[in-house]
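Got your viewer open? Load the model below and we'll hop from selection to selection.

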Amino acid sequence: MELEFEYFKKWVKDKLRVDLNSYKEKQLHRRIGTVMNSAGAKNLKEYAELIQKDENIKRVFLDYITINVTEFYRNKEIFDEFEDAMTSLLVPRFKSLNIWSAACSIGAEPYSVAMIMEKNKLKENRILATDIDDTILKRAKTGKFKENEIKNVPKQELDKYFELKGGEYHLAHEIKRRVEFKKHDLILDKYEKNFHAVICRNVTIYFKNETKNEIYKKINDSLEKGGIFFTGATESIYNPSSFGFRKLSTFLYEKV
Ligand SMILES: C[S@@+](CC[C@H](N)C(=O)[O-])C[C@H]1O[C@@H](n2cnc3c(N)ncnc32)[C@H](O)[C@@H]1O
């Protein structure tokens, strides 16, 4: 197994240009084992063949080993569309907005929403941000970010809301205070209701179809009619009407 793993790491470096040696060995073993099984491969050799053959399996593998990776305005052009949907669809429909950023990692996503609200002077009732991972939530609350995490933030917002101290970007209190962080497991925990937008991006790709479908149903249930579900760039919903959604674009769905 050890030899096989060494061979796999070398293969990943050669073919995918990812250096797995930079990752913690124990975690990496566990994670690769999980993702390999869910792809239906029996061993690393078989898994490597699948990765090479299937773009989707390759993407899930790469995302899985960098599971907490996030950034402000991830996929900026998509975030811009979400901003448009907030101002043109949600504002006329609802007095003040209840937003939920589920699987928020270190908070870059809900804080991006808070900056959008501030910029457009939108009235929010609540921005709830949740994740399964306690450690990551603790980091989120500090509001301190690395350079690669803020690279999509427009210069004007960077100057206005961040202060560079000791090599880290510290988010302004006026943005931080708008976001409420809480632990929540998308699979096991109950979902709150009455949201006008639910953002759940780059996490369902790790789940089996049945689980994913269950999550779509529960998200639909947690939204108000006319509310919006914002998914990841590669997580478009097949057959959205069966979950009570109308497709606005590949990553925006409205509750009907
Ligand atoms: C790749 S990050 C996505 C962060 C952010 N949504 C984005 O798109 O940039 C995936 C996050 O999902 C969280 N996660 C994994 N399983 C989860 C679960 N069952 N319930 C809630 N969060 C989960 C991880 O802790 C991680 O922070």
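Start by selecting Thr70: leaving out residues up to four places away in sequence, Thr70 touches Ser105, Ile106, Ala108 and Glu149, where contact means heavy atoms within 4.5 Å. Thr70 sits in the loop between helix 4 and helix 5 (76–93); helices (H or I, at least four residues) and strands (E, at least two) are DSSP runs, numbered from the N terminus. Thr70 counts as buried, because its relative accessibility is 13%. The cut-offs here: buried is under 20% relative accessible area, exposed is over 50%, and partly exposed is in between (1.4 Å probe, protein chains only).

A quick word on what you're looking at: this is a predicted model, in which local features need pLDDT of at least 70 and side-chain atom pairs count only at pLDDT 80 or more, while totals for chains, interfaces and linings use all residues. Residues are numbered from 1 along each chain as its sequence is written, and side-chain values use heavy atoms, with hydrogens and water left out.

**Zoom out**

Show the cartoon for the whole protein: there are ten helices and ten strands. The radius of gyration is 19 Å, close to the 18 Å that the globule rule gives for 256 residues, so the protein is as compact as a globular protein of that length. (That radius is taken over C-alpha atoms, and the rule is 2.2 Å times the number of residues to the power 0.38.) Along its principal axes, the C-alpha trace spans about 60 × 50 × 30 Å. Of the 256 residues, 49% count as buried. Contacts between residues 24 or more positions apart make up 73% of those with a separation of 6 or more. Switch on the surface and you have about 13500 Å² of accessible area, 49% of it belonging to carbon and sulfur atoms; the areas come from the Shrake-Rupley method with a 1.4 Å probe, and for residues only the protein chains shown count as cover.

**Helix 1**

Now select residues 2–16. Helix 1 has 15 residues and reaches 20 Å from its first C-alpha to its last, close to the 21 Å expected at 1.5 Å a residue; the expected span is 1.5 Å times one less than the number of residues. Which residues of helix 1 are buried? Color Phe5, Phe8, Lys9, Trp11, Val12 and Leu16 to see them. They cover an arc of only 165° around the axis, which puts them on the same side of helix 1; the arc is that of the directions from the helix axis to the C-beta atoms. Add helix 2 (25–38), helix 3 (44–53) and helix 4 (55–65) to the view, and you have what those buried residues pack against. Flip to the other side of helix 1 for Leu3, Tyr7, Lys10 and Asp14, which are exposed. Just past the end of helix 1, Arg17 takes a positive phi of about 55°.

While helices 2 and 3 are on screen, pick Ala41 in the loop between helix 2 and helix 3. Ala41 is buried, because its relative accessibility is 5%. Its contacts, ignoring neighbours within four places in sequence, are Met36, Glu46, Tyr47 and Leu50.

**Thr130 and the cysteines**

Next stop: Thr130, in strand 2 (residues 124–131). At 2% relative accessibility, Thr130 counts as buried. Not counting residues up to four places away in sequence, Thr130 touches several residues, including Trp100, Cys104, Leu137, Lys182 and His184.

How many disulfides are there? The count is zero, with a disulfide taken as a pair of cysteine sulfur atoms within 2.5 Å. Draw a distance from the sulfur of Cys200 to the closest cysteine sulfur, in Cys104: it is 11 Å, too far for a bond. Cys104 is buried, with a relative accessible area of 1%, and Cys200 counts as buried at 1% relative accessibility.

**Loops to finish**

Select Asn194, in the loop between strand 6 (179–183) and strand 7 (195–200). Its phi is near 70°, a positive value in a residue other than glycine. Asn194 counts as partly exposed, at 44% relative accessibility.

Then go to the loop between strand 8 and strand 9 and pick Asn239. Asn239 has a positive phi near 60° and counts as partly exposed at 40% relative accessibility.

Gly244 is found in the loop between strand 8 (223–231) and strand 9 (245–249). The C-alpha atoms of Gly244 and Val256 are separated by 6.0 Å, with the two residues twelve apart along the chain. Leaving out residues up to four places away in sequence, Gly244 touches Asn220, Glu254, Lys255 and Val256.
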